[in-house]
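I opened a notebook page for this structure. The entries below follow the order in which I looked things up.

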Amino acid sequence: MVTAADEFRPAVPARSGTARRTRPSAWAFRAVVSAHVVAIFGQPVFAGVFLSGDYDGLRLHEAGANVTTSLGYVQLIAAVAVWVRLRRAGPFLATLALVAAETVQYFAGMGGALWLHLPLGVATIAALVVQFVDVWRRPLERRPLERRPLERRPEDRPERARIAAAPERQETGDE
């Protein structure tokens, strides 16, 4: 049975060697982002353990902060690889903002500035989850190089070359 909707449905192209696929550098980036998400989700748990009265929770929260911050810097390196190999600057810029927020949050926590540490922690977790979803949503394929026409000098243009090849007309007062 053929319906009217079938008439407008485009044919599915056959899979070729140039099909959309995720490259190894993007898989590495995905792996680091996933590990980073797991580590950052432990932080509120450890903080909650501390706030419930178990003082070992503070030590766990500090160790988790070290692991989370270190994974952020590893993610930044992986994002540089994605930028260089796949020509995608977005993951690098998002990771750079995330790592900057994590670094501020780390030092705010060490300094006891809970007025900054807590809301920045919530925002950092939310930003990392958004990045996690974005990275796993679609394949990170390599962007093609943009081919821009070369700027041509005026003497290289065909109409200028024709005019330049014509003999110059001397102006005399006799005309």
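**Entry 1: overall make-up.** I began with the secondary structure of the protein chain, which comes to six helices and zero strands. Read from the N terminus on, the elements run α-α-α-α-α-α. I note here that this is a predicted model. For burial, I find that 27% of the 175 residues of the protein chain count as buried. I also looked at the contacts with a separation of 6 or more: residues 24 or more positions apart account for 69% of them.

**Entry 2: the nonpolar core.** Which elements give two or more residues to the largest nonpolar core? I first listed the core itself, which has 18 residues. Phe29, Leu86, Leu128 and Leu140 touch the most other members. The elements that contribute two or more residues are H2, H3, H4 and H5. H2 supplies the largest share, six residues.

I then took Leu128 on its own. Setting aside neighbours within four places in sequence, I find Leu128 in contact with Val33, His36, Val37, Ile40, Gln75 and Leu98.

**Entry 3: helix H4.** I checked the length of H4, which covers residues 90-111 and has 22 residues. From its first C-alpha to its last, H4 reaches 32 Å, close to the 32 Å expected at 1.5 Å a residue. Just after H4, Gly112 takes a positive phi of about 80°.

Which residues of H4 are buried? My list reads Pro91, Phe92, Thr95, Leu98, Val99, Glu102, Thr103, Gln105 and Ala108. An α-helix has 3.6 residues a turn, so residues three or four places apart point the same way. What covers the buried residues of H4 includes H2, helix H3 (56-86) and helix H5 (114-137). Leu98, one of the buried residues of H4, is also among the contacts of Leu128.

**Entry 4: aromatic pairs.** I searched the whole structure for aromatic pairs and got five. One of them is Tyr106 with Phe107, an edge-to-face pair at 5.4 Å centre to centre with 85° between the planes. Is Phe107 buried or exposed? Phe107 counts as exposed because its relative accessible area is 58%, and the cut-off for exposed is over 50%.

I also found that Trp27, Phe132 and Trp136 form one aromatic cluster. Arg30 lies over the face of Trp27, at 4.7 Å from the ring centre. Arg30 lies over the face of Trp136 as well, again at 4.7 Å from the ring centre.

**Entry 5: Ser34.** I looked up Ser34 next and placed it in helix H2 (residues 24-51). Its relative accessibility is 19%, so Ser34 counts as buried, the limit being under 20%. What does the side chain of Ser34 reach at 2.8 Å? The partner is the backbone oxygen of Arg30. Not counting residues up to four places away in sequence, Ser34 touches Phe132 and Trp136. Both of these partners belong to the aromatic cluster with Trp27.

**Entry 6: Ala63.** My last look-up was Ala63, which sits in helix H3. Ala63 is partly exposed, because its relative accessible area of 38% falls between the 20% and 50% limits. I also took the distance from Ala63 to Phe46, and it is 9.6 Å, C-alpha to C-alpha. In sequence Ala63 and Phe46 are 17 residues apart.

Definitions and conventions:
Residues are numbered from 1 along each chain as its sequence is written. This is a predicted model: local features need pLDDT of at least 70, side-chain atom pairs count only at pLDDT 80 or more; totals for chains, interfaces and linings use all residues. Side-chain values use heavy atoms; hydrogens and water are left out. Helices (H or I, at least four residues) and strands (E, at least two) are DSSP runs, numbered from the N terminus. Buried means under 20% relative accessible area, exposed over 50%, partly exposed in between (1.4 Å probe, protein chains only). A polar contact is a pair of N or O atoms within 3.5 Å; within protein, one must be able to donate a hydrogen and the other to accept it, and residues adjacent in sequence count only if both atoms are side-chain atoms. Contact means heavy atoms within 4.5 Å. Rings of Phe, Tyr and Trp (its six-membered ring) pair if their centres lie within 6.5 Å; planes under 30 degrees apart count as stacked, over 60 as edge-to-face and the rest as tilted. A charge sits over a ring if NZ of Lys or CZ of Arg is within 6 Å of the ring centre and within 35 degrees of the ring normal. The expected span of a helix is 1.5 Å times one less than its number of residues. A nonpolar core is a set of buried Ala, Val, Leu, Ile, Met, Phe, Trp, Tyr and Cys residues joined through side-chain atoms within 4.5 Å.
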